[in-house]
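Open the model in a viewer and keep the selection panel at hand. The stops below go through empty spaces, strands and one helix pair.

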Amino acid sequence: MAVTLPADSLAQYEMRIGSQTMPMNDLVGHTISLNYLGEIECLNCQRSIKKSYSGGFCFPCSQKLAQCDLCFMKPELCHYEQGTCREPEWGEAVCMQDHIVYLANSSGLKVGITRINQVPTRWIDQGATQAVPVFRVRTRYQSGLVEVLFKNHVSDRTDWRKMLKGEAPPLDLAAERDRLLAECADEIKLLQQQFGDDSIHILPAEPMLAIHYPVIEYPIKVSSLNFDKTPEITGQLLGIKGQYLIFDKGVINIRKFSGYQIEMVV
């Protein structure tokens, strides 16, 4: 699914099905059917596969693509400088770009990183209702090192079940930012000495962004739906939050099934 955030801060969703792009917000409240057609296509090489790996790839592609390497999930493990990056040109284009280290409120306070051109998309993907940038850094590796400092004090994960049960209670993210900057001041200074102040730049006064989602009803109990077990999913679409479609009979992480050939009936 693709997302945008207009001036009213209500996330706008679109889902690509085949060659068509379907606006999703207007479907909230309506009954829709998503039918898995029994085919999966690798997102990279487009060949037909029986099982997908690393979020939509065939096994060979999952082993050769840099975006499927462990260091993309844990950027503090980046090995580009060692000359062992799976795709050095891809690493230059993606990892050697400015990143933002941020605080967000999704199921509670969390720290995360994202490329600067993925703000606020990354926050919406996580179902955050509040977010604030804290650092701007030169590379993904450096952002991972900064994130690790904050991870010693706050979580870097979203409790997706809690996130889907409603909006998290609002937090004073500016106060949380200032607290963490103070608690990590010595470690931050060491990183700045190592890489330079211009490489790890603190953003002390960025405004907080509030995000709203097209949800008319949150589930009391979160039940997960899966195309591999339930190839035909029909129900009232109660909302969209993060990467999830919320139906009256359960929720489905639609991003998890990237590459699956699906038909939508409205």
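Begin at the second largest cavity, whose lining divides by class into 4 nonpolar, 2 polar and 2 charged residues. This is a predicted model, so treat each stop as a feature of a prediction. To display that lining, select M1, V3, Y13, D125, G242, Q243, I254 and R255. The space they surround has a volume of about 30 Å³.

**The largest cavity**

How many cavities of 30 Å³ or more are there? The count is 2. Having seen the second largest, move to the largest, which holds about 110 Å³ of space. Its lining has 13 residues; select C71, C78, C85, W90 and C95 to find those nearest the centre. Two elements give two or more residues each to this lining: α2 (70-73) and α3 (88-94). Colour the lining by class and you get 10 nonpolar, 2 polar and 1 charged residues.

**The largest pocket**

Next, select M73, R122, Q126, Q243 and R255. The largest pocket has a volume of about 1,600 Å³, and these five are the closest to its centre among the 39 residues that line it. Two of them are already familiar: Q243 and R255 also line the second largest cavity.

Now show the elements around the pocket. At least two lining residues come from each of α2, β7 (109-115), α4 (121-125), α5 (140-151) and α6 (160-163). Which of the elements gives the most to this lining? Select β7, which supplies 6 residues. By class, the lining of the largest pocket is made up of 13 nonpolar, 12 polar and 14 charged residues.

**The second largest pocket**

Select M1, R16, I17, S258 and G259 for the next stop. They lie nearest the centre of the second largest pocket, which is lined by 21 residues. About 610 Å³ of space lies here. M1 is also in the lining of the second largest cavity.

Three strands, β2, β4 (31-41) and β14 (260-265), each give at least two residues to the lining of this pocket. The largest share, 4 residues, is from β2. The lining of the second largest pocket divides into 11 nonpolar, 6 polar and 4 charged residues.

**The sheet that holds β2**

Keep β2 selected and add its partners. β2 belongs to an open sheet of 3 strands, in the order β1-β2-β3 and with antiparallel pairing. Why is one side of β1 and of β3 left without a neighbour in the sheet? β1 (2-4) and β3 (20-23) stand at the edges and have a single partner strand each, so one side of each has no neighbour there. On average, neighbouring strands of this sheet are turned by 25 degrees against each other, direction ignored.

For a closer view, select residues 2-4 and 12-17. These are β1 and β2, which pair in the antiparallel sense over 3 bridges. One place to look is T4, whose bridge partner in β2 is Q12.

**β4 and its partners**

Select β4, already met at the second largest pocket, and add the strands paired with it one at a time.

- β11 (residues 232-241): 5 bridges join this strand to β4, and the two run antiparallel. Here L34 has I233 as its bridge partner.
- β14: this strand and β4 also pair in the antiparallel sense, over 5 bridges. M264 in β14 stands opposite L34.
- β5 (residues 48-49): this strand is joined to β4 by 2 bridges and runs antiparallel to β4. The bridge partner of I40 in β5 is I49.

Stay with β4 and β5, which form a hairpin with 6 residues between them. Select Q46 in the turn: its phi is positive, at about 65 degrees.

**A helix pair**

For the last stop, return to α5, one of the elements in the lining of the largest pocket. Select it together with α8 (residues 185-195). How many degrees is the angle at which α5 and α8 pack? The angle is about 165 degrees, and the axes are 10 Å apart. That angle makes α5 roughly antiparallel to α8, because angles over 145 degrees count as roughly antiparallel. Seen as a crossing, the arrangement of α5 and α8 is right-handed.

Technical notes. Residues numbered from 1 in each chain as written. Predicted model: local features only at pLDDT ≥ 70, side-chain atom pairs only at ≥ 80, totals over all residues. Heavy atoms only, no water. 1 Å grid on protein atoms, 1.4 Å probe; cavity = no way out; pocket = protein on both sides within 12 Å on 5 of 7 lines; lining within 4 Å. Points joined across faces, edges and corners; volume = space filled by probe spheres on them. Nonpolar A, V, L, I, M, F, W, Y, C, P; charged D, E, K, R; others polar. Pairing = 2+ DSSP bridges. Axes fitted to C-alpha atoms, helices over the stretch in contact; angles between N-to-C directions. Parallel < 35°, antiparallel > 145°, perpendicular 65-115°, else oblique. Left-handed = near helix turned anticlockwise from the far one by under 90°.
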